[in-house]
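Reader: Could we walk through this structure together? I would like to hear the reasoning behind each label.
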Amino acid sequence: MHAWRVARPGPISTGPLEYVSSQVPQPGPAELLVAVRACGVCRTDLHVTEGDLPVHRQGVTPGHEVVGEVIEVGADAGEEFRVGDRVGIAWLRHTCGVCAYCLRGDENLCPYSRYTGWDADGGYAEFATVPAAFAHRLPAGYSDSELAPLLCAGIIGYRSLQRAALPPGGRLGIYGFGGSAHLTAQVALAQGAEVHVMTRGVAAQELAIDLGAASAQGAADPPPVKLDAAILFAPVGDLVLPALEALDRGGTLAIAGIHLSDIPALNYQRHLFQERQLRSVTSNTRADARAFLDFVGEHHVAVTTPEYPLDQADRALSDLSAGRISGAAVLLV
């Protein structure tokens, strides 16, 4: 099979990825072997490739928004999935199930968690494996290309929206408007929120308005109203300050990314006083994933998916890094 490997983590302009031929992976007894049909291009893939995240597996194949067809079921994989089923592979791949965090329902905080495209090879390949317990059934009414970004961009955006504690009918600010943000905005709108978007790039601002945002302006610009909640999707620590300033009393800012550049010094009176809150978001639980996939099965979302062939994954990541992608890019296999 063909697959991409992170040969030398570093800036995408230095060619850290290599396109190789390798053996089709063998599924373990509790795993599924999946023929990849589409794989989303996530900013976390860029962080893995460029070395922003520490190396967990040498020469790893990135990609954790995988849609494919089950072609082999391990002997201990249970009966939920059969050969021929369409299935999703997401970021969260393993948790221990016995630690205090898992037992209280916070498996996203499990110290023994492992991740697709970081700890194990992911979907920038023609075939991939997944533990059956962490595979996802997918909603009808979407193409493979549309489904792929839902498996991380959608799920993590959904959890971020929960962490932002937006009150019913409240005003939500979204900072950055890429793959995850454009899906989260639609979920919030479907729930009755008023959405304001702060992002660079005219194309992203136009997409926000087209999807129903009440306003769209520059990434650090103040929104036209005070916000009840906000989510920071752009991995830019400098934006934490204007986002906190934009919050109304008692508002919450959730930071959605796995990586963020350094945050400048906060001024207590301007940024945190009046019970404004700052929260991080760490991965997701399988319950989050199921709830989100059920939601988008009932409330169709428009998924903007610039498409690239598998052998141009390096170009897709370059375009993502340079801000040339509106929506969520997808590799087609």
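Reader: What does the UniProt annotation "domain: Enoyl reductase (ER)" cover?
Author: According to the UniProt record, an unreviewed entry, that annotation covers residues 15-331. Please keep in mind that the model is predicted. Over residues 15-331, the chain is 27% helix and 24% strand, and the end C-alpha atoms lie 18 Å apart.

Reader: Thanks! What makes strand S10 "mostly covered"?
Author: Buried means under 20% relative accessible area, and 4 of the 5 residues of S10 (residues 171-175) are buried.

Reader: How do you know that S10 pairs with strand S11?
Author: Pairing takes at least two bridges between the strands. S10 and S11 (residues 194-198) are joined by 5 bridges and run parallel, so the definition is met. Leu172, for instance, has Val195 as its bridge partner in S11. Between the two strands the chain passes through helix H4 (residues 179-190), making a right-handed β-α-β crossover.

Reader: And what makes S10 and strand S13 a pair?
Author: The rule of at least two bridges applies again, and here there are 4 bridges, in the parallel sense. In S13 (residues 227-232), Ala229 stands opposite Leu172.

Reader: Let us turn to helix H5. Why can one say that its buried residues line one face?
Author: The buried residues of H5 (residues 202-210) are Ala204, Gln205, Leu207 and Ala208. Seen down the helix axis, they fall within an arc of 160°, so they line one face. The general background is that an α-helix has 3.6 residues a turn, so residues three or four places apart point the same way.

Reader: What is found on the face turned away from the buried side, and what covers the buried residues?
Author: The face turned away carries the exposed residues Val202 and Asp210. The cover over the buried residues of H5 includes H4, S11 and strand S12 (215-217). Just after H5 comes Gly212, with a positive phi of about 115°.

Reader: Now the charged pairs. Why is the contact of Arg37 with Glu69 called a salt bridge?
Author: The cut-off asks for a side-chain nitrogen of Lys or Arg within 4 Å of a carboxyl oxygen of Asp or Glu. For Arg37 and Glu69 the closest N and O atoms are 2.9 Å apart, so the pair qualifies. By this rule the count comes to 15 salt bridges.

Reader: Are Arg37 and Glu69 buried or partly exposed?
Author: Partly exposed is the label between 20% and 50%. Arg37 has a relative accessible area of 34% and Glu69 one of 30%, so that label fits.

Reader: What makes Arg93, the salt-bridge partner of Glu31, count as buried?
Author: The relative accessibility of Arg93 is 8%, which is under the 20% cut-off, so Arg93 counts as buried. In its salt bridge with Glu31, the closest N and O atoms are 4.0 Å apart. Glu31 lies in strand S3 (residues 31-40) and Arg93 in strand S6 (residues 92-94), so the pair ties together parts that are 62 residues apart in sequence.

Reader: Finally, why are Asp319 and Arg315 said to be about one helical turn apart?
Author: They are 4 residues apart in helix H9 (residues 313-321), which means a separation of about one helical turn. Their closest N and O atoms are 3.7 Å apart, and the pair forms a salt bridge. At 10% relative accessibility Asp319 counts as buried, whereas Arg315, at 40%, is partly exposed.

Notes: Residues numbered from 1 in each chain as written. Predicted model: local features only at pLDDT ≥ 70, side-chain atom pairs only at ≥ 80, totals over all residues. Heavy atoms only, no water. Buried < 20%, exposed > 50% of the residue type's maximum accessible area, 1.4 Å probe, protein only. Right-handed = clockwise from strand over helix to strand, strands pointing away. UniProt positions renumbered as here; feature names shortened; annotations may be inferred. Arc of directions from axis to C-beta. Contact = heavy atoms within 4.5 Å.
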